[in-house]
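Load the model in a viewer and keep a selection prompt open. Each stop below says what to select and what is there.

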Amino acid sequence: MFDAVIIGAGPAGMAAALTLGRVHRPVLVVDAGEGRNAPAGAVHNFLTRDGTPPAELRGLGREELAAYPAVEVRAGTVTGARASQQGGFHLRLSGGGEVGARRVLLATGLADDLPGPRGVEEMWGRSAFHCPYCHGYECTGRRVAVLGAEPARVRLALQLSRFAADVVLCTDGGPLDPESWETLTANGVAVRCEAVVRLEGTDGDLEHLVFESGPPLARDAVFVVNVARQRSGLAADLGCANFADGCVEVDEFGRTSVPGVYAAGDMARRAGMPVPMAAVIAAAASGTVAAAAIDQDLLGADFGLPDPFARVRS
């Protein structure tokens, strides 16, 4: 019986394991090795680690965890989870067998579905992006396209126009309201309305956007719409409440609607956050907070102490 089983060894899971390992909580980390940012060349906006390749960052994390005897890391996945009648949880592992956990931290992350255009998957994380805070700086002085006609896409195009050399909003056949069109053109952002057929480039580097009609558009980078989904179904199996966008609902301390089950990283968010915070440093911070809450939860259970977070429990 582990004090906690952490499912997922991305920044949220490893940060949580570090926190719990430092207070000698027996912890098992189950690592499927499927990082959301694996296609990217580097992690950005992470103080002291800006520009570090994702695999290198994970390797550094594993090295640090190895210094703590209470932390065990196993490769594999958790294929099933259920509450125990005696308290805690039973978790079924892909390699066979079950382990027991007094508490569970879900850090399984999100996966990105890319609805188009053709060619985007080959460039994803290299020259096709979705987050200006993760990859916007690398577009400084470059030619950038933003796909979509929704208000959020207009906002993104204007944001990037502050430092990109040339920004074009490509509505991909969608309607653009006159007010947005006026705002864009007044601030030097051109508009292309034709449907985008494909992206063309070499070795992951974008060269052109090709449209149903009209000339190709030479670009160095493109910001596309991604659809994020839960990488694992464990939160649903355990009965955790979620939002309409699929994110698991948590409170300020990473607690889900199921007692004893916590969630951290971009798979979860609080009600006050309208979208998941898809930043590596934010995921790591949420793992640290959730781990501290788990430790305090167990401390209260072991010594009959009051719950310090009871007054903010939703």
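Select Asp203 first, keeping in mind that this is a predicted model. Asp203 is exposed, at 65% relative accessibility. Its place is the loop between strand E12 (196-202) and strand E13 (205-211). Check the backbone there: phi of Asp203 is near 55°, a positive value in a residue that is not glycine. Most residues other than glycine have a negative phi, and most peptide bonds are trans.

Two other backbone stops belong with this one. Select His24, which sits in the loop between H1 and E2. Its phi is positive, about 60°, although His24 is not a glycine. Is His24 buried or exposed? With a relative accessible area of 66%, His24 is exposed. Then select Gly116 and Pro117, which are joined by a cis peptide bond with omega of about 0°. Pro117 is in the loop between strand E7 (110-113) and helix H3 (120-123).

Next, helix H1, residues 11-21. How many of its residues are buried? The count is 8 of 11, so the helix is mostly covered by the under-20% cut-off for burial. The buried positions are Ala12, Gly13, Met14, Ala15, Ala16, Ala17, Leu20 and Gly21. To see what lies over them, show E1, E2, helix H2 (54-65), strand E3 (71-75), E6 and H8, which are among the elements that cover these residues.

Now turn to the salt bridges, of which the whole structure has 23. Select Asp3 and Arg25, whose side chains meet in one of them at 3.1 Å, N to O. Asp3 belongs to strand E1 and Arg25 to the loop between H1 and E2, so the pair ties together parts 22 residues apart in sequence. Asp3 is buried at a relative accessible area of 10%, and Arg25 is buried at 8%. Extend the selection to Arg102, Asp295 and Asp302: together with Asp3 and Arg25 they are linked in a network of salt bridges.

Select Asp31 and Arg58 for another pair. Their closest N and O atoms are 3.6 Å apart, in a salt bridge. This one links distant parts of the chain, with Asp31 in strand E2 and Arg58 in helix H2, 27 residues apart. Asp31 is buried at 11% relative accessibility, whereas Arg58 is partly exposed at 21%.

For a third pair, select Arg36 and Asp266, which form a salt bridge at 2.8 Å, N to O. Arg36 lies in the loop between E2 and H2, and Asp266 in the loop between E18 and E19, so the pair ties together parts 230 residues apart in sequence. Both residues are buried.

The nonpolar interior comes next. Which residues of the largest nonpolar core touch the most other members? In this core of 26 residues they are Val5, Ile7, Leu91, Leu106, Cys240, Val248 and Met267. Strands E1 (2-7), E2 (27-31), E4 (78-83), E5 (89-93), E6 (98-106) and E18 (261-263), along with helix H7 (234-238), each give two or more residues to this core. The largest share, 4 residues, comes from E6. Select Leu106 and show what surrounds it. Beyond its neighbours within four places in sequence, Leu106 is in contact with Ile7, Leu234, Ala235, Leu238, Cys240, Val261, Tyr262, Ala263, Ala264 and Met267. A second, separate core has 24 residues, including Ala4, Ala9, Val27 and Ala264.

Move to Arg269 in strand E19, residues 268-269. Arg269 is buried, with a relative accessible area of 11%. Its side chain makes a polar contact of 3.2 Å with the side chain of Asp245. Leaving out neighbours within four places in sequence, the contacts of Arg269 are Phe243, Asp245, Cys247, Val248, Glu249, Val250, Pro274, Val275 and Pro276.

From that list, go on to Val275, found in the loop between E19 and helix H8 (280-303). Add Met273 and Met277: with Val275 they make a nonpolar surface patch of about 260 Å².

The last stop is Arg155, in helix H5 (residues 151-160). Arg155 is exposed, with a relative accessible area of 65%. Draw a distance from its C-alpha atom to that of Leu184: the two are separated by 9.2 Å and lie 29 residues apart along the chain.

Definitions and conventions: Residues numbered from 1 in each chain as written. Predicted model: local features only at pLDDT ≥ 70, side-chain atom pairs only at ≥ 80, totals over all residues. Heavy atoms only, no water. Buried < 20%, exposed > 50% of the residue type's maximum accessible area, 1.4 Å probe, protein only. Polar contact = N/O pair within 3.5 Å; in protein donor to acceptor, adjacent residues only side chain to side chain. Contact = heavy atoms within 4.5 Å. Patch = residues over 30% accessible without salt bridge, like charges linked within 9 Å, V, L, I, M, F, W, Y side chains within 5 Å. Areas by Shrake-Rupley, 256 points an atom, 1.4 Å probe, with all protein chains shown as cover. Salt bridge = Lys/Arg side-chain N within 4 Å of Asp/Glu carboxyl O. Core = buried A, V, L, I, M, F, W, Y, C linked by side-chain atoms within 4.5 Å.
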